[in-house]
Amino acid sequence: MKGLGLRAKGLGFACASLTLAVFAWLAPAPLAQQATPFRIEPLTSPAGDDTLAPNLVTEGTRTVLSWLDTHDDLPALKFSERTATGWSEPRTVISNESLMVNPADVPVVRPLPGGTLVAAWLEVNSDDEEAYDLKVARSTDSGRTWSRPVTPHHDGTKTQHGFASIVGASGGGFLIVWLDGRATNPAARTPAEAGSMTLRSAEFDASGTERGESLIDARVCDCCPLSMAATAAGPLVVFRDRSPEEIRDIAVSRLSAGKWTASAVVHRDGWKIEGCPVNGPSVTADGGAVAAAWFTGATGSGRAFAAFSKNSGVSFRSA
């Protein structure tokens, strides 16, 4: 599978160039070929001071920004939705002493196609700062009230569970994918004893009832964010894989006929690194058209790549 490489002197330039390139590829031809480029305008964030871990999510015509607010005694997960008149008044999803504040592993508030909001966040589950659970809740009234939080995983281990990504599922439910550390050993003294981070998923129906949990990949990068998209053929997830030789290239798995396909490398960067770079991919889809983007340090200098699919992620190619 081929990828489109974009070399840049700085990460900001790489991201900006990549965003424009991906949008031009996905946009309808008349729009992509317009001589006048998009006008980029700054927007004042509704988050305010003493906030971190922003996450911007779109679904159809809806755009939701979530963040962690540390202004008061207890941290809080808040969100605001972009409207025709500006950002809505921020609302609180959850606020408690167990809420984990982690600038890399950020919460998410996602609108589903039917209008329901789904939120996912982290809560510590022991005295070990590396041990935490993933929590999920739903709102059917635009975030005024939320369901009782539940965990999509049921292993009960005092390990990491996070970096969640959510998409809508058939019938009005949703699918959540996360990094799961149940097979790791926090007390390991050597790398051989450490175990492997896994990638897992769970599906919830329209009432918020979990239908089941699945293993996607038994060995992935420990702390790189992942990304999901809904295609014409079903959901897919892109993530940073991890081979026995410590090659950490971007891979994809698709949910097909109720089962996750074997992980397939999107592009063989050949990035060998003895630790997690905390830098994951991003994916978007429009019907069967899919665009994935990511960072690699395989050549010794940072590069941003993009790869594209016309068949819902079955195969990828360069632009």
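1. Let's start with a word we will need throughout: a residue is called buried when its relative accessible area is under 20%. With that in hand, look at strand 14, which covers residues 227–231. Of its 5 residues, 4 are buried, so by this cut-off the strand is mostly covered. Please keep in mind that the model you are looking at is predicted.

2. Stay with strand 14 for a moment and follow the chain onward. A hairpin of 2 residues leads from strand 14 into strand 15. The two strands run antiparallel and are joined by 5 bridges. To find one place where they face each other, look for Thr231, which stands opposite Gly234 in strand 15.

3. Next comes an open sheet. It has 4 strands in the order 10-11-12-13, and their pairing is antiparallel. Strands 10 and 13 are at the edges with a single partner strand each, so each of them has one side without a neighbour in the sheet. On average, neighbouring strands here are turned by 20° against each other, if direction is ignored. As general background, strands of a sheet pair through backbone hydrogen bonds, and they may do so in parallel or antiparallel fashion.

4. Zoom in on one pairing within that sheet. Strand 12 and strand 13 run antiparallel and are connected by 7 bridges. One residue to locate is Arg200, whose bridge partner in strand 13 is Leu215.

5. Now for the interior. In soluble globular proteins, nonpolar side chains tend to be buried together. The largest nonpolar core in this model has 33 residues, and those with the most contacts inside it are Ala120, Phe174, Ile176, Val177, Leu199, Val237 and Trp260. Several elements give two or more residues to this core, including strand 8 (117–124), strand 9 (132–139), strand 12 (197–204) and strand 16 (250–256). The largest share, 6 residues, comes from strand 11. Apart from this core lies another one of 14 residues, among them Val64, Ile94, Leu99 and Trp121.

6. Leu199 is a good residue to click on if you want to see the core from the inside. Setting aside neighbours within four places in sequence, Leu199 is in contact with residues including Val177, Leu179, Leu215, Ile216, Val237 and Phe239. The contact list is not purely nonpolar in name, so do look for Ser214 and Asp217 there too.7. Which kind of ring pair do Phe174 and Phe204 form? Their ring centres are 4.8 Å apart and their planes meet at 5°, so the pair is stacked. Phe174 belongs to strand 11 and Phe204 to strand 12, so the pair ties together parts that are 30 residues apart in sequence. Phe174 counts as buried at 1% relative accessibility, and Phe204 counts as buried at 2%. In total, the structure holds 4 aromatic pairs.

8. Another of these pairs has its rings set at a steep angle to compare by eye: the planes of Trp271 and Phe295 are at 75° with centres 5.9 Å apart, so the pair is edge-to-face. Trp271 sits in the loop between strand 18 (264–265) and strand 19 (282–286), while Phe295 is in strand 20, and the two are 24 residues apart. Is each partner buried or partly exposed? Trp271 counts as buried at 10% relative accessibility, whereas Phe295 is partly exposed at 24%.

9. Finally, the charged side chains. Side chains of opposite charge can pair when their charged atoms come close. A search of the whole structure finds 13 salt bridges. One of them joins Glu59 and Arg110, at 3.3 Å from N to O. Glu59 lies in strand 2 and Arg110 in strand 7, so this salt bridge ties together parts that are 51 residues apart in sequence. Glu59 is partly exposed, with a relative accessible area of 24%, while Arg110 counts as buried at 13%.

10. A few further salt bridges are worth finding on screen. Lys78 and Asp69 meet at 3.5 Å, N to O, and Asp69 counts as buried at 9% relative accessibility. Between Glu203 and Arg211, the closest N and O atoms are 2.8 Å apart. Salt bridges with shared partners also join Arg219, Asp222, Arg242, Glu246 and Arg248 into one network.

Note on methods
Residues numbered from 1 in each chain as written. Predicted model: local features only at pLDDT ≥ 70, side-chain atom pairs only at ≥ 80, totals over all residues. Heavy atoms only, no water. Core = buried A, V, L, I, M, F, W, Y, C linked by side-chain atoms within 4.5 Å. Buried < 20%, exposed > 50% of the residue type's maximum accessible area, 1.4 Å probe, protein only. Contact = heavy atoms within 4.5 Å. Salt bridge = Lys/Arg side-chain N within 4 Å of Asp/Glu carboxyl O. Phe/Tyr/Trp six-rings, centres within 6.5 Å; stacked < 30°, edge-to-face > 60°. Pairing = 2+ DSSP bridges. Axes fitted to C-alpha atoms, helices over the stretch in contact; angles between N-to-C directions.
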